[in-house]
Structure formats: C-alpha cells, structure tokens
Amino acid sequence: MGRRTSHPESCNREPRSRWHVVAMLVLAVLVGQAVAAVDYDIVYVRAPRHGDEVNTRWPEVKDPIRAEPGTDLMLLHPDGTEEVLVPGGDGAVVDPCVSFDGKSVYYARFHDLRPGALNTQRRDAPRGGSDIYRIDVETREVVQLTFGEWTPNTGAAPWSSDPLRAEPPGTFYLGYGIFNLGPCPLPGGKVVFTSSRNGFAPNKSFTFPNLQLFVMNDDGRDAELVGHLNLGSALHPTVLMDGRVMFSSYEAQGLRDQRLWGLWAIWPDGRRFEPLMSALTAPQAFHFQTQLGNGDIAVVDYYNQNNNGFGTVLRFPVDPPSTAPRFGAANPSDPSNPEVRRGIWWFDESHPSHRQPRFTRYPFSPAGLEAVTAFTHGADNAASRSLDGDWAGKATHPSAAPGNDLLLVWTPGPANDLNRPTPIPYYDGGIYLVPGGEPLDDHRALVLVKNDPAYNEMQPRALVPYAAVYGIAEPATLPWLPNDGTVHAALEPGTPFGLVGTSSFYHRDSAPGRGRASFDGLDPFNTSENGASTNWESQGADAGRYDDADIHAVRILAMEPSSHLSYGPAEGRSFFNHANERLRILGEIPLRKGAPGGGPLLDSRGDPDTSFLARIPADVPFTFQTLDRDGLVLNMAQTWHQVRPGEQRTDCGGCHAHSKLPLAFEQTAAGAPGYVPADLTRSTPLVVPGEGGEPTLVEIPAGAVDVEYHRDVKPILERSCVMCHSVDGPAEAGLVLDDETVVDGYENTYNRLARDAGADHGIPPVITNGTWRQTNASRYVRKFQSRRSLLVWKVFGRRLDGWTNADHPTEAVPGDPSTLPPGANRNDADIDFTGTIMPPPGSGVPPLTAAEKATIARWIDLGAPIDSQAPARAGLGWFADDLRPTLSVTLEPVWPPLGLWQVRVGAFDYYSGLAADALSVRADFPVLGGAAGELGATFTPSGDHVWTGYVFAGWTDLARGTVTVQVEDRAGNRTEVTRTVPIPADHRFWLLAIALGWI
C-alpha cells in the first residue's frame, strides 16, 4: 500500500494548422532557433552536466539503471521560471508521467547513485535500487508506491532474505538493489510499471537488469506480473488511447543480435501482445515512445550505449488501413517499406556542393512510417551534418503535447561517444518543440523551450489533463482477464490454461530479407564476410532450403527465465545452450489433414490446411518451431510469447505473417466449431521419424520433455560412436567423442561438437580467418539447425539441408582450401555428405533407432543443452525448475452489499508439478464464522485444476480487505496473487438482519 513521505477520430482538439507550422518553421530558419511560447507547465528531469569535454550518464537500453546523482524533477512554467518538484539528492529522479487529470506526477527515484553506492562488480548497479512515487503538484504531497520488494523464484536456489548480502550465510543474493521504474497510469485506477523484483538475469549481456511488466493499483496494492514473456527485458510502458500498453522489448532471443529492441503493444492484463515496430536490422533499438494527439506513434531509433539514447524520432499511424498489410516486406529495399530520410551526408567536407540527403528503409516497416527528425540518424557514429555545415545533433525522449505538438530532447554536436570522428562537444540536452509533430529536415526548425548549458534537460512532459492532448478524459478501459469460460469449450471458468493456434504455416514470412544468392537467399554455410545475411541473427530463421511440401508439424517450446545467481555458492548460470535459456518441449503437433473424400484438406486459399489449435499452460513463455517429416526444424520463431489464463490467441494470420493480409482462423479446420484442440497439459506428443519414412506420433506422459547432453546424448555416443572416434584412437575424420577433460566448465567432447567456433579441434574451416562463423557451433553442429548439421546427416545417413553436394564447392581434402575447385570462392564453400550412415553397416555396432536419431536432432534444435557437472552446481543446472506455477484468481460478487464473493482459483505447474496441499487462501479481515487467516481448506475442486470457495466478510469496520492466494510447486517455487475486496459500509446491518431472521 502507498505510504506518504488511439484513435484519431476520438480526438476533439484540433492540431495546429499546417500554415501555422509552416510559419513557425520559416521564422526558425530566418532568426535561428525560435523560443517556444507554450501556455502550459512542463515537468522534466534535470541532470547535472559537466561541460563539453566530459560525458554524462543517461539511462538507455544498454544501461537503464545508469543516471547522474543529483538529478531533479523540475516544474517549468510558461514564463520561463521553474522550481524543483523533487530533489534528486544523492540519487536521481527519472521517468515522470502525468496523471490523467493533470494534477499529479508519477516518477521513479534511484535512492543513491554516489560512486560508493554502486556495485562495480555488477555493471555499477546501485545497491539502493529505485522505487516509484506519486506527487500531487499543488500540495506537494508525495506517496511512495513500491518499497524494493524482492520476490525471487524460491525453488530455483536457496536465496538470502536480503538481496544485498547472504542472510543466512551460504545463500544466494544479488548484491544490488531492486529496480521499480517507468510508472504509467492506466484507466480504472491502476498503474503499469517495470520491475526487477523477480531477480532474473537477461538472456544476453547487452542490457541489465531484467525488467518485467507489472500492474498495481494506484495506491501500490495488488502488484501483479503481467509480462511473463519479458525474459529479455522491458522498458517504459506507455498507455495508448485505445487502452493498450506499448513498451520497448529486448528482442535478443535465440541467435538474434544482442542489441535488438523492438516496440510492442499488449493489453494491460497481459493478453494480446503484438508488434508495433519490430527490430529486424542489427544493431537497432526502438525505445522512448509516445503517442501524438492525432494517434500516431513516435519512437526513437538509436544505437545502444554509444549514443546515450539519442538518435532519430520516427512516427507512424497506430491503426493502418485494414485493407492492406500492417507491415512492409522482409526485404528492406522493397517499395512496400517507405523511404525514410536520415540527414545529410557530406561526401567531401571541402566541397559543400557534395551535400546529399541520406535515406534508409526498414524491413517490415509499419505502414506510413516517416522520420520526424529527418535531419539526423540513430547510427553508431556522429550525427549528420546540417545545411550550414555544423553537426545536426540527435534527438530523444519524445512526448505528446497539446495541438498535436511534440516535445523532445535535442542535443547539438556529434551525439556519439566514439571518435567517429569526434565525441566533442559532449551532450547538451535541452527541451524543444516540434510544431504539429511534422517532419523537420533542418534542426534549426526545432523550437527552443529550455536549454541551460549547466544541465541536461530530459524527459519533458506537458503538465496538462489527458483531454488537452487527446480530446478524451482518459484512454479506453480494456477488460481485465475475465477468464469466465466463454472463449472456448476447452477453457472452463477460472482455468489456468490458454489456447494458441494459427491459420496456416504456408502463409508466412520466415525467410530472411537479405541473403546470399548462391545459397538461395539464405545464409552461407561459412563465410569471412560480415553481414552476408540476416538469417537467424536479425531477421528470418530458415534452416536450409525447403518448400511448403516439407512442412509436417509444429513444436511448441516452453521457455524459462534464469534467476540471477549473482553471489553465492555457485555464481552464474549452471548450464549452457546457444540461447542462454532453458527450452523444453511442450509438444509436437502434426499439421496435415485429410479431406473426407481423400487427398489433403485445403484451406480457403487453396493450400493444404496446416492450421492448429493447442491447449497449453498459461503464463508459461513459449515459442514455435516448424518441423519436417523427420522432426527437424525448418524455421523458428525467435521471440517470447505468452497466453494468459482463459485467453485464446489465434489471430496472427499465419506463421510470421507480418507483411501479408491474414488468413482468418475461422476459415480453417482448427477454427471450425467442434474442433478438439491438442492438449499439451496432460502429456507431450512427439514426432518420431518412421523407419519406413512415415513419421509416427508418440505420447510421453510428462509435462515437458528435456533433451540434455549428459543424460540423453552422451550415452548414445558412448555406445555407438567412440569405437571409431576415441581420444586413444582411432579418431576418424579427426573427431573425438570420448574426451572427458573439463575445459571452460564443460566436458571437452561437448566442446568439440557444440562449442568450437574457434576451430580448436579436428578439421579446420577453409575460410581465411579460420573459424566457424555464422550460426556454426563447430564443423558438426549448426545452432538450432539439425537439418544443416553434419552430425545429424551422418546419423540419418543422408544430406538433409535441401541442397546437394554439387550445389556448392567443397575442398577435396577436408580443411585444405588449396584443394577447392579452381576459381571457387571460399565463402561459397560448404561441407559435402560422404561415406555412409553412422555407425556404419557391418561394423558390429547396432544401428541407432529412430527415437535415438530424433534425440540427437532435438538436442541440436534446442540449442545443444548441457548441465554443469560441478558438485557445487548440483540442482542448479538445466533440470532446475526456474518457473513458478500458473495461478489464476477471479473474484465474482455473489451479494456485494453483504461482502460475499466467490473466488475461483486455477493452478497448474507444467514442469515439476504442484506440491501436495499447495493451495493457500488467506484473508486479512474476519470472515463469517471465523477470524482472519487461512481459508484454503474450504476450497473444493470444481474443474480441471480449478478450485472454488467463498469469502464472506464477518463483523468488521474495515472498508476493504485483502485476499491472498498462493500455490507452490514440487521444486518450492511459489506464486502469489493478491486481490483487494471492498467491504460495504452497511454490511454489518445485513449481517445483523440475517442473524435476527429479518431476511
């Protein structure tokens, strides 16, 4: 509890006329930068600046918890006077957000940013963390809403009671604070924000810490995780006019570049997430977003770390026409992707006539995309040049203002930390206005609001009611997680499950927009060239050449977070795979269907119907892999997904269908009435390649299936392979498969197969730099791509990647580039399939079964997982359960005047399972017939993993009470949901009336 210390047609306020905008631009060019005469107050963040020669710390995607101590929250008046609203002191105030009535400001405050308060061993993370507050601007009353709550996964490790030290000794702890950031009010008296309270580590190192989306009441009560899919990180949730929340999402899942941040939208309750602008060009971050008064989205495109969050501001309509695809094509040069101006390039600074405007195109551009600050760019070098030859500077922190104006922060100078060609003068951020939010080709057309060279002005916000910008009192209110059983027959009221499906796997955009022609537009096998393809690393995830006829099944993977074992008995991750996260198989579902009269069933587009629908655990992050008839990955969705309890998601229109009009799910077999979804909550179906070529489906009676090196793969190698591949000889083809030496924490046979990018073992590559590049983990394994892995070719006895040996040059003597065919380009070379299946026929070694072949392929397609064998890491590795149980709590009023509520609880754990007597329901107010306390024993099963009970307020003068529901899994992870229950003031009268028999 707090403690004191869109749609354009819905906007009634007219934006500035275009003539007014033009007049202001002309004035700016004639007299230099004009000074704004705004008629409203502005709240902003003011940070100390240290002159032109010294850099300053700005929060951005790489380091969102980095700021200058002494950063204040300021109130700027129209006459230019200002006052300190909240002093930063030893810490810093960031992320202001104005309430809908314009009277209060939410903000976050870092408690202590002095050098001695930072943990230099953990990226200078502040030990004091940050919390969220609200200030009433008129009375200056401050209410604290969060209090450094720490809620680690209790089953993942033995945790300290204190995130800063081991209490008791021998436990794990973080060594830095908890960060609550980015508050944004929601309609209905709620606040969305980001928090690191779960103590997870991001999957990759180019951001820190992991931040997830939470929603709480506006008094700080009932905080609830809604961003279960935020296993990378999330920043700056911002409510849209239509009630959705847009946020910046770390999109470095799988093999994608570790610098990618996309712009997403989600409903406040965590349902219906979707892309607004995807980060599909490495490196790229879309961050610092707002919605203009006319409904358009504005967002900054910038390079992480070296630009301090400065780049160029883009804008696009929030709702493009429904008759056209929402996004352009995968190939950025396709005309469906608009050309976006990004400043002026001086080919020769001694010849001003060489000034040329620069343009770029973004793959999968949102319809109507254009640059607001068209005079500059967001790349990792100095800003563009201005028309007068000076630096054009860069921009950040856009914020909507009345009249469709746009406030932003602009800095002159190069706005880059590197010598490209110079970083000096360093950032001098000031507040400026873009009249009408219209594109500007010249930075001198920005209208100055405030720039004090002694400070960096940041994050300006117009202190006005929401209606003054958007013409409505507040955004639309979207329903909160109804889970009432009306969505689908497979989802009963209160269920802990959800449904996911799609209409077609033919209707997709999984191919890269850029690739090598000699490899059919995909990524080369191994090349010294940088940027040869976007496949797997930024956009596209096709595993070799294939056509639609190869599609056979879909695999759904559960994805788990990684608790940050920062300090303790065994620091860091206790497992490895190529995604840096645990991936487990929820199930594999065949997609082909037969028509009643024979032949394939066709969808409305005339393609074979490949629709599917599956019931899965809600609140478990997941992704998809498309499989061929051998069960090998054809393509993969490299991002995190989620469904909330009772949600059905079938509206994507196809697999990766970004640039195509969707195929309606209702027009497919899986969308037909009476279709029975595959149920992945009871068992795990797996596709097994048939010995005669026809795949079969087996059901594994488990919540999820793991494949790991020591348990599943090594025994196959020891039984069937080491007699020909031994450290003691022979070692056919230079491959050793019984090297148990531990190198870099893992057995060396594993390193030879799956961690040999440096080509330290066996036959070397032929490219000039002598390493295994692109997505090769070694000569034998290609990450997540069993179809392109020599190891799998040998155990299946044939080439599997869709090409033939004749398609690309290969050296006659393995590893010797001088034996390539005359005139061959090393960068076009690949590996041929030669010899026979392994183990070879007649060797006396039994052949591998179909299930064993599938095990090796699945292992590669899951990123080649391996558990640490170090004794200190026992129980912390791949098989550790690092995901809490699913918990759904719905309260339905039975007799509100009496304070009588029905409570439905849905609970499920997909991996270790629910513990016995796992359910706890507690009330902090007297209930009829008893005191406050535990009510779990009164709840009875009412469905599939659903329990129902009642809360009946007893004799109390409380105006509200709290019901807290908790479940625990067998590993010891606990999930807790709190609901505030109103208790009517006159409910005691009704109790008395009942007791006296009056009613």
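When I say that two residues touch, or are in contact, I mean that they have heavy atoms within 4.5 Å of each other. Please keep that in mind as we go through this structure, which is a predicted model.

Let me start with Asn751, which sits in helix α4, residues 748-754. If we leave out residues up to four places away in sequence, Asn751 touches Val743, Tyr746 and Asp756. One of these partners appears again when we look at polar atoms, since a polar atom of the Asn751 side chain lies 3.1 Å from the backbone oxygen of Val743. Is Asn751 buried or exposed? Asn751 is buried, because its relative accessible area is 5%, and the limit for calling a residue buried is under 20%.

My second residue is Arg555, which belongs to strand β31, residues 553-559. Arg555 also counts as buried, with a relative accessibility of 0%. Apart from neighbours within four places in sequence, its contacts include Ile585, Glu588, Phe624, Gln625, Arg858 and Asp861. Take Gln625 as an example: it is 70 residues away from Arg555 along the sequence, and yet the two C-alpha atoms are 5.0 Å apart in space. Another of the contacts is Gly631, whose backbone oxygen is reached by the side chain of Arg555 at 3.3 Å.

The third residue, Thr639, is found in a loop, the one between β36 (633-636) and β37 (648-649). Thr639 is buried as well, with a relative accessible area of 11%. Which residues does Thr639 touch, not counting those up to four places away in sequence? They are Glu251, Gln253, Trp264, Met559, Phe622 and Thr623. With Glu251 there is a polar contact of 2.6 Å, and this one joins the two side chains. Thr639 and Ala252 are separated by 387 residues in sequence, while their C-alpha atoms are 7.7 Å apart.

Let us turn to the nonpolar cores. The largest of them has 92 residues, and the members that touch the most others are Tyr40, Leu407, Tyr750, Leu791, Val792 and Trp859. Helix α5, residues 790-796, gives this core its largest share, which is six residues. Trp859 has contacts, beyond four places in sequence, that include Val707, Tyr709, Tyr750, Leu791 and Pro865. Apart from this core lies another one of 48 residues, among them Ala108, Ala157, Phe179 and Leu876.

Now for the cysteines: how many disulfides does the structure hold? The number is zero. Cys184 shows us why, because its sulfur is 4.1 Å from the closest cysteine sulfur, that of Cys97, and this is too far for a bond, given that a disulfide needs sulfur atoms within 2.5 Å. Cys724 is in no disulfide either, and its nearest cysteine sulfur, in Cys721, is 8.6 Å away. As for their surroundings, Cys184 is buried, at a relative accessible area of 4%, whereas Cys724 counts as partly exposed, at 28%.

I will finish with a sheet. It is an open sheet of four strands in the order β44-β45-β49-β48, and the pairing is antiparallel. The strands at its edges, each of which pairs on one side only, are β44 (886-895) and β48 (940-943). On average, neighbouring strands here are turned by 35° against each other, if we ignore direction. Between β44 and β45, residues 900-908, there are nine bridges, and Leu891 stands opposite Val903 in β45.

Note on methods: Residues numbered from 1 in each chain as written. Predicted model: local features only at pLDDT ≥ 70, side-chain atom pairs only at ≥ 80, totals over all residues. Heavy atoms only, no water. Pairing = 2+ DSSP bridges. Helix = DSSP H or I, 4+ residues; strand = E, 2+ residues; numbered from the N terminus. Axes fitted to C-alpha atoms, helices over the stretch in contact; angles between N-to-C directions. Core = buried A, V, L, I, M, F, W, Y, C linked by side-chain atoms within 4.5 Å. Buried < 20%, exposed > 50% of the residue type's maximum accessible area, 1.4 Å probe, protein only. Polar contact = N/O pair within 3.5 Å; in protein donor to acceptor, adjacent residues only side chain to side chain.
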